[in-house]
Structures are given as C-alpha cells and as structure tokens.
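Please walk through the model below one helix at a time, keeping the sequence beside the coordinates.

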Amino acid sequence: MKNELRLDPGRPHAVLSFRLVQADPGVWDSETDDSLLYSITENICLEIFAAFFDAAVYIDFSRTQQYLILEASVPDVSVLHETCKKFISILKDTAKLSFEAYCGNFHEGPGGIRISYEEAFSLYRSGCSEENASVPVYDASSYNKEFIITSAVHEQILFLLRQADTKGLDTFFHSFFSRLEQSSCHIRQLMGIAFSFLNILREFLFENNRQNKDFPDLQEAFNHYQDCQTPEQMRDFLIRIYHKAALQSAANKDNTNTPLIVNVKKYVEEHYQDPDLQLKTIAAQFYVSPQHLSSLFSQENDTTLTAYIMDCRMKKAKELLLEQSPSIQHTASLCGFNDSGYFSKCFKKYYGISPKNFLMITEKSREIQ
C-alpha cells in the first residue's frame, strides 16, 4: 500500500476533499461523459498540486466525491489553500466544472492521513464551503462546546425516557442535531456525542433492572453507531433505539394483575391525595395483612406498593405542573405531601430535576412555541 501511494508515512500529510457541484450541461453529457470528466479532473489536479508539493495521490471515491493526499517536507497551509483555489478556478474556466473543496491540516506520522481526512470530511459534512469563493481549512480549535452533554441535558433525556415521551424525544433530538448540522463539528465529536447518548440509555435500562440480554439492541447500537457519518443519520439512529427502549419499558410495567392488586392500584390512583395513604392503611381497607399485600404486589409488579404510591403521586405532580401550573407548595398538597420541601426532594429523585427547574424549562418551552 505504501508503494502504491508513493508516500513516506513519516512525513507530514494533508487530505483535500473535492465535491462536484455542477457540470455545465452545454459541455458535458452526464450519461456519456463521466469517465472523461473525472479523467480530466484528476489530470488537472495532479498537475497543479505537483508543482507545490512533494507528492500527490488522487483517489476517485465516488461520482461526486474525490480526495487528494498531499505530502510536504515543509507544510504550509496557506499554500495548500491558495493552490486549492487555483485548481477550482481552472476547472471552472477551462472545463466548465464547478467544484467545492475542503482542506484538512497537515499532520505527521502514520496516522496523519486519517486525522487530516477526518478534518476534511468534517468540513464536507457540515457543507460550510462557499462555492468558487473560498476554500475552508479545518480549524483545529473549532471543537464546539455547545454540544457537550451537560448534566441538564442528561436529566432532560432521562426525564423523557421515564415518561416514555417519544414525541418529546423526537423534539429534543431534532432540535439538537439540527443545530449540530449547522456547525463544523469534527466527526470525532459527533461520535463522542452519540456515545454519550447511548450511555444515558444504558443508565435508563439499568435503572429499570434491564440488562444487555433484556435489550440486545443497545449492544448492537454500540457496535454500529460509528457507521453514521452525518448528524441527520445519527439523529435517526438514536431516535429509533430510544423509541424502542422507552416503549418496551412502558409495556413491561403493564403486567396482568390479580383482582386484588387491580383494585389496590385503582384505590391508590383515587386516593393519592391522602397523606395517610400507605401500606398498612391500604391493607386494612382490603382486609389483608400488610405482609401479604406487600409480597403479592411486589411479585406481580416488580416494584413495591410504596414505590407505586410514589409513582402515582409524581405523575400527578408532573401533570399539575404542566397543565395548571400551581405553586410548588399547592402541588405538594394536592399530591398527598404535607411538607413541600420533602415533595421537592422526592420529585427531584424521581425525575432527576427539581420542580422549580422543571417549571422553568416548561415556561421556556412555551415561550419558544
């Protein structure tokens, strides 16, 4: 391979990515002239760049995408940039071909070609070139901190998963990746973002006592997420697996119960406002021992009755905060809490966000809408 490429792996290399935008239909026939078109493009490219660099290897990757690997003993990005502009100008003036180009930086060592290719590809993916006007060179400092997965984003995603809110997940991912698509985010940052989102999903599954064997799609996602090369592909990839995990988790909670447990659940849903609602009072209501009720409820629902009561209260609290927007203290009272401080602690433990911050996010969402 080294001999075929005629490159010294120990020297600095840069990769350029070229994209055919348009071939003048008055000059070129797309059905018959493809071979000649790319042959001329390659010959002009090598002739121009060979005058300024020690070695140049042209790679015809696809009908619209070509790459050029350059070797230079004394790398100069400004020379690279100007030569690239000259190449595009000549193609337009003499061959009536409109090309865009994206430049990676020079990097030394065996891995330098790959690093420069990733930089060029990151620019190509972002589509930030101005045709025939400028040739962007990847800015090594352009790691975009706006797309770091913060604790707030982490909490928001878990919140949507716990509610099996597929519409909310769609809205989040479309908004997040739409902004990402407009940036010049490096391809490695895109992969790091995807890896973080998959780890949040892993945390959610672990929270619901589900292992890899219970949801093999997650391991499959970890194996293949790097196949996605654009923000749009990554968005759709993540939405599919998040939807499946959220919906399966919600379905697993709807187990068939005995008549006693069905009635107990109904009773809890009707009396969640009662601060005295607890295991012993419910057992007395149905004339069974607390021990028997606790054991039976846990066997049939994979959770405790106490946890189920809290689940009902938290869901109602969210509903109240979303639809009626009462004060936090009033919401606590309506959901069976005598102490609003304790209610806030329970809400944050359940949803991963305090009721105060939840109200702030809700209000901001309404303002945007």
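In which helix is the place of Leu322? In this predicted model, Leu322 lies in helix α13, which is formed by residues 305-323. Leu322 has a relative accessibility of 33%, and because that value falls between the limits of 20% for buried and 50% for exposed, Leu322 counts as partly exposed. Along the chain, Leu322 and Thr362 are 40 residues apart, yet their C-alpha atoms are separated by 7.1 Å.

Helix α13 also takes part in two helix packings, which can be taken in turn. Two packed helices are described by the angle between their axes and the distance between the axes. For helix α10 (residues 259-271) and α13, the axes come within 9 Å and cross at roughly 40°, and the two helices are therefore oblique to each other. The crossing in which α10 passes α13 is right-handed. On the side of α10, the contact is made by Val264, Lys265, Val268 and Glu269, which meet Leu305, Tyr308, Ile309 and Cys312 of α13. Sorted by class, the residues of this contact between α10 and α13 comprise six nonpolar and two charged, with no polar residue.

The other partner is helix α15 (residues 340-351), which packs with α13 at an angle of about 95°, the axes lying 10 Å apart. What is the orientation of α13 and α15 to each other? They are roughly perpendicular, because angles from 65 to 115 degrees are counted in that class. Here α13 contributes Met310, Asp311, Met314, Lys315, Ala317, Lys318 and Leu321, and these residues meet Tyr342, Phe343, Cys346, Phe347, Tyr350 and Tyr351 in α15. The contact of α13 with α15 holds 10 nonpolar and three charged residues, and no polar ones.

Elsewhere in the chain, helix α3 gives a view of a single helix and its surroundings. Helix α3 covers residues 77-95, 19 residues in total, and spans 26 Å from its first C-alpha to its last, which is close to the 27 Å expected at 1.5 Å a residue. Which residues of α3 are buried? They are Leu80, His81, Thr83, Cys84, Phe87, Ile88, Leu91 and Ala95. The buried residues of α3 pack against the strands β1 (13-23), β3 (65-71) and β4 (97-103), and also against helix α2 (34-50). Just after α3 comes Lys96, whose phi is positive, at about 55°.

Notes. Residues are numbered from 1 along each chain as its sequence is written. This is a predicted model: local features need pLDDT of at least 70, side-chain atom pairs count only at pLDDT 80 or more; totals for chains, interfaces and linings use all residues. Side-chain values use heavy atoms; hydrogens and water are left out. Helices (H or I, at least four residues) and strands (E, at least two) are DSSP runs, numbered from the N terminus. Buried means under 20% relative accessible area, exposed over 50%, partly exposed in between (1.4 Å probe, protein chains only). The expected span of a helix is 1.5 Å times one less than its number of residues. Contact means heavy atoms within 4.5 Å. Axes are lines fitted to C-alpha atoms, for helices over the stretch in contact, and angles run from 0 to 180 degrees between N-to-C directions. Angles under 35 degrees count as roughly parallel, over 145 as roughly antiparallel, 65 to 115 as roughly perpendicular and the rest as oblique. A crossing is left-handed if the near helix is turned anticlockwise from the far one by less than a right angle, and right-handed if clockwise. Ala, Val, Leu, Ile, Met, Phe, Trp, Tyr, Cys and Pro count as nonpolar, Asp, Glu, Lys and Arg as charged, and the others, Gly among them, as polar.
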